[in-house]
Amino acid sequence: RENIPVLYVDSSRLESEGAAAGRTSSGDIAVPKIDFDKSTTSQIYNWSVRLGHELIHALQERKEPNMPIEKAEYEAYVATYLPTAYAIASKEVGGVKGYLMYFRAVDNVLDLIKGSSLYNYKKRGIPENNISWYKTIES
């Protein structure tokens, strides 16, 4: 509906970039080719999470081209990965709902946001000591 081009590429191409999915310099979304008939439900789910994450970034770029990477990653991970983080956290604590499970789910998502943001800064050649929030975390 939004006319966002999606390229289906060999997964080794993405892996060589250190990514599970991403966007090209022209703004196209690049996701690995997938054979839905030969993939497990889990593989299809994970593929759809990656595609959704990149679609959010493409829409963010159109709406707010100068959005800080931390905000962009926060929105994309919370919208697409939170259910997965919740399931992982539930397994970690043996299905016992409570503070620890919710903490682990949030910690999982925040760790992804941090890692993805740092990766973006690194790709742009910005050293970690020039990132104000990172200096605070590491102090």
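Is W47 buried or exposed? Hold on to that one for a moment, and hello, everyone. What you see above is a predicted model, and I'd like to walk you through a few parts of it.

Here is the reply to my opening question. W47 has a relative accessibility of 10%, and the cut-off for buried is under 20%, so W47 counts as buried.

Now let's look at the sheet. It is an open sheet of three strands, in the order β1-β3-β2, and its pairing is mixed. The edge strands are β1 and β2, since each of them pairs on one side only.

What does "mixed" look like here? Strand β1, residues 6-9, pairs with β3 in the parallel sense, over four bridges. You can find V6 opposite I29 of β3, and V9 opposite P32 of β3. On the other side, strand β2, residues 22-23, runs antiparallel to β3, and two bridges join them. One partnership to look for there is G22 with A30 in β3. As background, strands of a sheet pair through backbone hydrogen bonds, either parallel or antiparallel.

Between β2 and β3 there is a hairpin with five residues between the strands, and in this hairpin G27 takes a positive phi near 95°.

Let's stay with β3, residues 29-32. Which way do its residues point? I29 and V31 point one way, A30 and P32 point the other way, and all are buried. If you are new to this, here is the general rule: in a regular strand the side chains alternate between the two faces of the sheet.

Next, the aromatic rings. A search of the whole structure finds six aromatic pairs. One of them is Y8 with W47, a stacked pair with 6.4 Å from centre to centre and 20° between the planes. This pair links distant parts of the chain: Y8 sits in strand β1, W47 sits in helix α2, and they are 39 residues apart. Y8 has a relative accessibility of 47%, so Y8 counts as partly exposed, while W47, as we said, is buried at 10%. Together with F36, these two residues form one aromatic cluster.

That brings us to helix α2, residues 41-63. How far should its 23 residues span? At 1.5 Å a residue, the expected value is 33 Å, and the end C-alpha atoms are 33 Å apart, so the two agree.

Which residues of α2 are buried? They are W47, V49, L51, G52, H53, E54, H57, A58 and Q60. The cover over them includes β1, β2, β3 and helix α3, residues 69-92.

Take Q60 from that list. Q60 has a relative accessible area of 7%, which means it is buried. Leaving aside neighbours within four places in sequence, Q60 is in contact with P65, M67, K71, A72, E75 and A76.

My last stop is E73, in helix α3. E73 is buried yet has no salt bridge. Where is the nearest side chain of opposite charge? It belongs to K123, and it is 8.2 Å away. Again leaving aside neighbours within four places in sequence, E73 is in contact with H53, H57, I113, S116 and S117. You may recognise H53 and H57 from the buried residues of α2.

That's my tour. Thanks for listening!

Note on methods:
Residues numbered from 1 in each chain as written. Predicted model: local features only at pLDDT ≥ 70, side-chain atom pairs only at ≥ 80, totals over all residues. Heavy atoms only, no water. Buried < 20%, exposed > 50% of the residue type's maximum accessible area, 1.4 Å probe, protein only. Pairing = 2+ DSSP bridges. Phe/Tyr/Trp six-rings, centres within 6.5 Å; stacked < 30°, edge-to-face > 60°. Expected span 1.5 Å × (residues − 1). Contact = heavy atoms within 4.5 Å. Lys, Arg positive; Asp, Glu negative; His and termini not counted. Salt bridge = Lys/Arg side-chain N within 4 Å of Asp/Glu carboxyl O.
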